[in-house]
Amino acid sequence: MRKWHQVLYGAFAVFWFAVGGLGVAGFASGTADEVHQSRELGAFAVFLGWMHVWCLRHYERRLPVHAGLVLFAALLSGIHWREWVVGARTIVSPLVNSVPFVVLAAMLPSGKQQRPSPEST
């Protein structure tokens with residue numbers, strides 16, 4: 001299971017780095033404020049990528065960071081579901097944005113996995 005989780009952390013990291021790179025590069029069009037917001041969201045996406053890398057590299061101690069990623073994914077999913085309910089989005093938007101939440105929630109480590117080994121102390 002550990003290898004599969006590490007593959008998923010790596011895939012999420014690559015995804016967020018790509019999204020962040022595009023956002024920070026400022027390829028968005030629109031008003032100066034919209035471009036600025038796109039760059040800020042890109043910077044946050046890069047941060048999310050690094051958090052996934054951290055979970056990948058520190059697998060045994062990942063619980064607090066992973067829990068934060070689950071919370072973020074839940075909030076992002078909730079925003080899109082709310083917008084679908086009020087008619088501002090198609091059903092595809094909340095479904096796609098729920099995938100990271102479902103995957104990360106399924107990967108939540110148990111307390112047993114979080115105990116450091118005697119060699120690491």
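Helix H3 puts the most into the lining of the largest cavity, with four residues. In this predicted model, a search of the whole structure turns up one cavity of 30 Å³ or more, and the space inside comes to about 70 Å³. Its walls are made by Phe12, Trp16, His52, Leu69, Phe72, Ala73, Leu76, Asn97, Pro100 and Leu104. Helix H1 (2-25), H3 and H4 each chip in at least two of these residues. Sorted by class, the cavity lining holds eight nonpolar residues and two polar ones, with no charged residues.

Now for the open spaces. The largest pocket has about 240 Å³ of space. Around this pocket sit Phe15, Trp16, Val19, Phe72, Leu76, Ile79, His80, Val96, Asn97 and Pro100. Once again H1, H3 and H4 each bring at least two residues to the lining, and H3 gives the most, with four. The class split for the largest pocket reads eight nonpolar, two polar and no charged. Some names turn up in both lists: Trp16, Phe72, Leu76, Asn97 and Pro100 line the largest cavity and also line the largest pocket.

The second largest pocket comes in at about 170 Å³. Here the lining consists of Trp16, Val19, Leu22, Gly23, Ser38, Leu41, Gly42, Phe44, Ala45 and Phe72. H1 and helix H2 (32-57) each supply at least two residues, with H2 as the top contributor at five. Seven of the lining residues of this pocket are nonpolar and three are polar, while none is charged. Trp16 and Phe72 are worth a second look: both line the largest cavity, the largest pocket and the second largest pocket.

On the outside, there is a nonpolar surface patch made of Trp84, Val85, Val86, Ile91, Val92, Leu95 and Val96, which together offer about 640 Å² of accessible area. Helix H3 (63-85) and helix H4 (92-106) each supply at least two residues of this patch, and H4 gives the most, with three.

Val96 ties the patch to the pockets. This valine sits in helix H4, belongs to the nonpolar patch and also lines the largest pocket. Val96 counts as exposed because its relative accessible area is 52%, and the cut-off for that label is over 50%.

Technical notes. Residues numbered from 1 in each chain as written. Predicted model: local features only at pLDDT ≥ 70, side-chain atom pairs only at ≥ 80, totals over all residues. Heavy atoms only, no water. Patch = residues over 30% accessible without salt bridge, like charges linked within 9 Å, V, L, I, M, F, W, Y side chains within 5 Å. Areas by Shrake-Rupley, 256 points an atom, 1.4 Å probe, with all protein chains shown as cover. Salt bridge = Lys/Arg side-chain N within 4 Å of Asp/Glu carboxyl O. Buried < 20%, exposed > 50% of the residue type's maximum accessible area, 1.4 Å probe, protein only. 1 Å grid on protein atoms, 1.4 Å probe; cavity = no way out; pocket = protein on both sides within 12 Å on 5 of 7 lines; lining within 4 Å. Points joined across faces, edges and corners; volume = space filled by probe spheres on them. Nonpolar A, V, L, I, M, F, W, Y, C, P; charged D, E, K, R; others polar.
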